[in-house]
Amino acid sequence: MRAKLPHRLSEFIMFGLKQAWACLFGAILLIAIILSAIFWQDDWALSRYDALFIFALAMQIFLLVSKLESKNEAKVIFLFHITGTVMEVFKLHMGSWDYPDQGFFEIAGVPLFSGFMYASVGSYIARVIRVFDMKFAPYPPFWMSVVLASAIYGNFFWHHFWVDIRIALFVATVVIFARTKIWFYIGPRAYWMPMPLAAFFAAFFLWLAENIGTVTGTWIYAGQSQFELVRLGKLGSWYLLLYISFLLVTLVYRQVLLPSTYTPKR
């Protein structure tokens, strides 16, 4: 492809292919959600949610055994499953969204496959760092990202009882990470993108995926019909959630965070 296509076009195609490879876990889970919505019958012995949980668990084991996923990435997915399920239980209790079907593998009405949806975000971030040989520089003091991520996660809970500080959190992400560049390699040449911009692009595609989830009736937001677009405010929620996701990933990938400027490989 590089020999026959213009350089910029071939690099763009390779960028897309590598992104698709990094999305492996999430893409397969999304396909399973779509296919199960089309073909699953209510009178089948196994509920759709339980089937999705068993499938996601089996897929996770397969990716790990086949070495398509590293042990570090599996650790990230485990962390995401816990933090995501905790938030799901709370949000479901507060009526933010609902799962219309039922299953055996659930906690407080939350199907356990939902934790894998959050885990797929962590899997993507961990894999994209490895696939593109990413470096983040200059990265602010690590404690800042810990405080920011903790405040974002806390706001998902306390805004139901207190003031919603998400606007301040949006500003904080830009102020803290304005100078941070994400360096990545498609081929031998290095490229970079501002970290807040990369987070916005990732949040947009997550918002698109979430629309697939609502159209298939897998979950429904309060006050929203099945075929209605997910509110754009959820895009902002995903944008903030990505900073929590990134923090969890960097707990096992600290070596990609560089406090000073980065010199690309020649």
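Contact here means heavy atoms within 4.5 Å. The legends below walk through close-up views of a predicted model.

**View A. Met-59 and the residues it touches.**
Let us start inside helix H3, residues 48–65, where Met-59 has its place. Leaving aside neighbours within four places in sequence, Met-59 is in contact with Phe-25, Ile-28 and Leu-29. Is Met-59 buried or exposed? Its relative accessible area is 6%, and because buried means under 20%, Met-59 counts as buried. For a sense of scale, look also for Met-94, which lies 35 residues from Met-59 along the chain. The C-alpha atoms of Met-59 and Met-94 are separated by 31 Å.

**View B. Ser-36 in helix H2.**
Helix H2 spans residues 24–39, and Ser-36 is found in it. Which residues does Ser-36 touch, not counting those up to four places away in sequence? They are Arg-48 and Leu-52. Ser-36 has 8% relative accessibility and so counts as buried. Leu-229 makes a useful landmark here: Ser-36 and Leu-229 are 193 residues apart along the chain, and 21 Å separates their C-alpha atoms.

**View C. Helix H1 against helix H5.**
Two packed helices are described by the angle between their axes and the distance between the axes. For helix H1 (residues 7–22) and helix H5 (residues 113–131), the angle is about 135 degrees and the axes are 8 Å apart. That angle makes H1 oblique to H5. The two helices cross in the right-handed sense. On the H1 side, the contact is made by Lys-18, Gln-19, Trp-21 and Ala-22. Facing them from H5 are Ser-123, Tyr-124, Arg-127, Val-128 and Val-131. Sorted by class, this contact of H1 with H5 has five nonpolar residues, two polar and two charged.

**View D. Helix H4 against helix H5.**
Stay with H5 and turn to another of its partners, helix H4, which covers residues 71–93. How do H4 and H5 pack, and what separates their axes? The packing angle is about 145 degrees, with the axes 7 Å apart. H4 passes H5 in a right-handed crossing. From H4, the residues that meet H5 are Glu-73, Val-76, Ile-77, Phe-80, His-81, Gly-84, Thr-85, Met-87 and Glu-88. From H5, the residues that meet H4 are Ser-114, Gly-115, Phe-116, Tyr-118, Ala-119, Gly-122, Ser-123, Ala-126, Arg-127 and Arg-130. The contact of H4 with H5 divides into eight nonpolar, seven polar and four charged residues. Readers coming from View C may recognise Ser-123 and Arg-127, which are among the H5 residues in the contact with H1 and also among those that meet H4.

**View E. The three-stranded sheet and the helix that packs on it.**
Here we meet an open sheet of three strands, in the order E4-E5-E6 and with antiparallel pairing. Which strands lie at the edges? They are E4 (135–137) and E6 (190–194), each pairing on one side only. From one strand to the next, the twist averages 30 degrees. Helix H8, residues 195–215, packs on this sheet and touches E4, E5 and E6. The direction of H8 makes about 80 degrees with that of E6.

**View F. Strand E5 and its bridges.**
Strand E5, residues 181–185, pairs with E6 in the antiparallel sense over five bridges. How many residues lie between E5 and E6 in their hairpin? There are four. To trace the pairing, begin at Lys-181, whose bridge partner in E6 is Pro-194. Next comes Trp-183, whose bridge partner in E6 is Trp-192. E4 also pairs with E5 in the antiparallel sense, over three bridges. In that pairing, Trp-183 of E5 is the bridge partner of Lys-135. Why is E5 described as largely enclosed by the rest of the structure? Four of its five residues are buried, so the description follows.

**View G. Asn-211 in helix H8.**
Our last stop returns to helix H8, where Asn-211 has its place. With 9% relative accessibility, Asn-211 counts as buried. Its contacts, leaving aside neighbours within four places in sequence, are Glu-228, Leu-229 and Val-230. Leu-229 will be familiar as the landmark paired with Ser-36, the two C-alpha atoms being separated by 21 Å.

Terms used:
Residues numbered from 1 in each chain as written. Predicted model: local features only at pLDDT ≥ 70, side-chain atom pairs only at ≥ 80, totals over all residues. Heavy atoms only, no water. Pairing = 2+ DSSP bridges. Axes fitted to C-alpha atoms, helices over the stretch in contact; angles between N-to-C directions. Buried < 20%, exposed > 50% of the residue type's maximum accessible area, 1.4 Å probe, protein only. Parallel < 35°, antiparallel > 145°, perpendicular 65-115°, else oblique. Left-handed = near helix turned anticlockwise from the far one by under 90°. Nonpolar A, V, L, I, M, F, W, Y, C, P; charged D, E, K, R; others polar.
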